[in-house]
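Please look through the structure shown below with the sequence beside it. The report that follows goes through strands, helices and a few single residues in turn.

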Amino acid sequence: MSFKDSKVVIVGCGNVGSTIAYTILNQGLCEQIVLIDRNEEKAYAEALDMTHAVYFMNRNIEIRSGGYEECRDADLVVITASAPMPKDAHDRLEMLAPSMNIMKSITESVMASGFDGVFLIVSNPVDIMSYYVWKLSGLPANRVIGSGTTLDSARLCAELSGLYDLDPKSVEAFICGEHGDSEVVLWDSATIGGKPVTAVMEDNLERTKETTRQTLHDKVINLGWEVFNRKGNTCYGIAAATCAIIKSILFNENRIYPVSVLLQGEYGQDNVFLSVPVILDKTGAREIVEIALSEDEREKLKTSGEIMKSFQDELHL
């Protein structure tokens, strides 16, 4: 795969979809971007607006609106469309029922085009929607990926780095499981500069102050809602996280991100989409990385999987 031949289709031109498109444009990740939305005028206007921005970019990327026939030769189809989030919502699972028909229509339309690339699902509840798209599409499991806890993990790294005045990229910590209330921080494998996070916190009590693993976990879970409740959406963080995933796939980077994929025995889970560390390359989810978990982490991940399975069962597939 090369820049010259690469094409990304984004279904859904709300705040998230449009910001993803603009981030792709800024980073020069592909040759063509196509926007699809049931509001064709909105898709056209977003594409036209971004076309005018290309003059100032590093690469001459073509961006346009179009229909589902554009998916036929796409490398990636990114789905951001979903039912509107209720303003007083506090759980992404509330979006399951109203989003199912939307996702079914989109997936069937994409597959009818002859699409044979990688699906990247961003729509919430992302783990269940990813499972739904995998079932409906008939594609191999490695080619259906949810954005999952990639952003949650970045938020955790940012919070930890802020305690010690460090670059967030000096922190390596994964959040796994559901992208939601049952997500699990893998504390035992989290490091700062190669040193276990727990040891860093204990050795720097004055700077760590009253922050504990539990308060960090609770804060990270609520950060997305903190943004949403103040401005009505989240877009920049999820767009950047999504584009990191896109870049690893299109550029065959083999980067490891915690994305939502089908587990078939890994981590003791079976037939459920959950976020775990995954190597991403041009084939999609190349390999699931199994990190040694503590007994507590394993039990929490099991609980997260059981919750997701209970909702998957409601899909009646």
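In this predicted model, strand β13 (residues 270-281) and strand β14 (residues 284-288) are paired in the antiparallel sense, and four bridges hold the pairing. One of these strands leads into the other by a hairpin, in which two residues join β13 to β14. D281 has G284 in β14 as its bridge partner.

Residue F273 also takes part in a contact with a helix residue, Q312, which lies in helix α10 (residues 295-312). A polar atom of the Q312 side chain is 3.3 Å from the backbone nitrogen of F273. Apart from neighbours within four places in sequence, Q312 is in contact with Y131, N271, V272 and F273. Is Q312 buried or exposed? With a relative accessibility of 6%, Q312 counts as buried, because buried means a relative accessible area under 20%.

Parallel pairing can be followed around strand β4. Strand β1 (residues 7-11) pairs with β4 in the parallel sense over four bridges, and V9 is placed opposite V77 of β4. Strand β5 (residues 118-121) also runs parallel to β4, to which it is joined by four bridges, and here I79 stands opposite I121 of β5. In a regular strand, side chains alternate between the two faces of the sheet. Strand β4 (residues 76-79) can be read in this way, since L76 and V78 point one way while V77 and I79 point the other way, and all of them are buried.

Another sheet is open and has three strands in the order β7-β10-β11, with antiparallel pairing. Why is one side of β7 and of β11 left without a neighbour in the sheet? The reason is that β7 and β11 (195-196) stand at the edges and have a single partner strand each, so one side of each has no neighbour in the sheet. Strand β10 (residues 191-192) and β11 run antiparallel and are joined by two bridges, and T191 has P196 in β11 as its bridge partner.

After β7 (171-172), and before β8 (175-176), comes a loop that holds A173. This residue, A173, is buried, with a relative accessible area of 5%. Leaving out residues up to four places away in sequence, A173 touches S153, L156, C157 and A190. A173 and L186 are 13 residues apart in sequence, and their C-alpha atoms are 6.9 Å apart in space.

Two helices can be set side by side, with the span of each given from its first C-alpha to its last.

| Helix | Residues | Number of residues | Span | Expected span at 1.5 Å a residue |
|---|---|---|---|---|
| α3 | 96-112 | 17 residues | 24 Å | 24 Å |
| α8 | 213-231 | 19 residues | 28 Å | 27 Å |

For both helices, the span is close to the expected value. An α-helix has 3.6 residues a turn, so residues three or four places apart point the same way. In α3, the residues L96, S99, M100, M103, I106, T107 and V110 are buried. The buried residues of α3 pack against several elements, namely β1, β4, β5, α4 (126-137) and α10, and just after this helix G114 takes a positive phi of about 95 degrees.

Where does α8 bend? The bend is at N222, and its angle is about 40 degrees. The buried residues of α8 are L216, H217, V220, I221, L223, G224, W225 and F228, and they pack against α5 (150-164), β8, β9 (184-185) and α6 (197-203). Just after α8 comes G232, which takes a positive phi of about 90 degrees.

The cysteines are the last topic. A disulfide is a covalent bond between the sulfur atoms of two cysteines. How many disulfides does a search of the whole structure find? The search of the whole structure finds zero disulfides. For C13, the closest cysteine sulfur is that of C71, and the 12 Å from sulfur to sulfur is too far for a bond. For C176, the closest cysteine sulfur belongs to C157, and at 12 Å it is likewise too far for a bond. C13 counts as buried at 1% relative accessibility, and C176 counts as buried at 1% relative accessibility.

How values were computed: Residues are numbered from 1 along each chain as its sequence is written. This is a predicted model: local features need pLDDT of at least 70, side-chain atom pairs count only at pLDDT 80 or more; totals for chains, interfaces and linings use all residues. Side-chain values use heavy atoms; hydrogens and water are left out. A disulfide is a pair of cysteine sulfur atoms within 2.5 Å. Buried means under 20% relative accessible area, exposed over 50%, partly exposed in between (1.4 Å probe, protein chains only). Contact means heavy atoms within 4.5 Å. Two strands pair if DSSP finds at least two bridges between them. A polar contact is a pair of N or O atoms within 3.5 Å; within protein, one must be able to donate a hydrogen and the other to accept it, and residues adjacent in sequence count only if both atoms are side-chain atoms. The expected span of a helix is 1.5 Å times one less than its number of residues. The bend at a residue is the angle between axes fitted to the seven residues ending there and the seven starting there.
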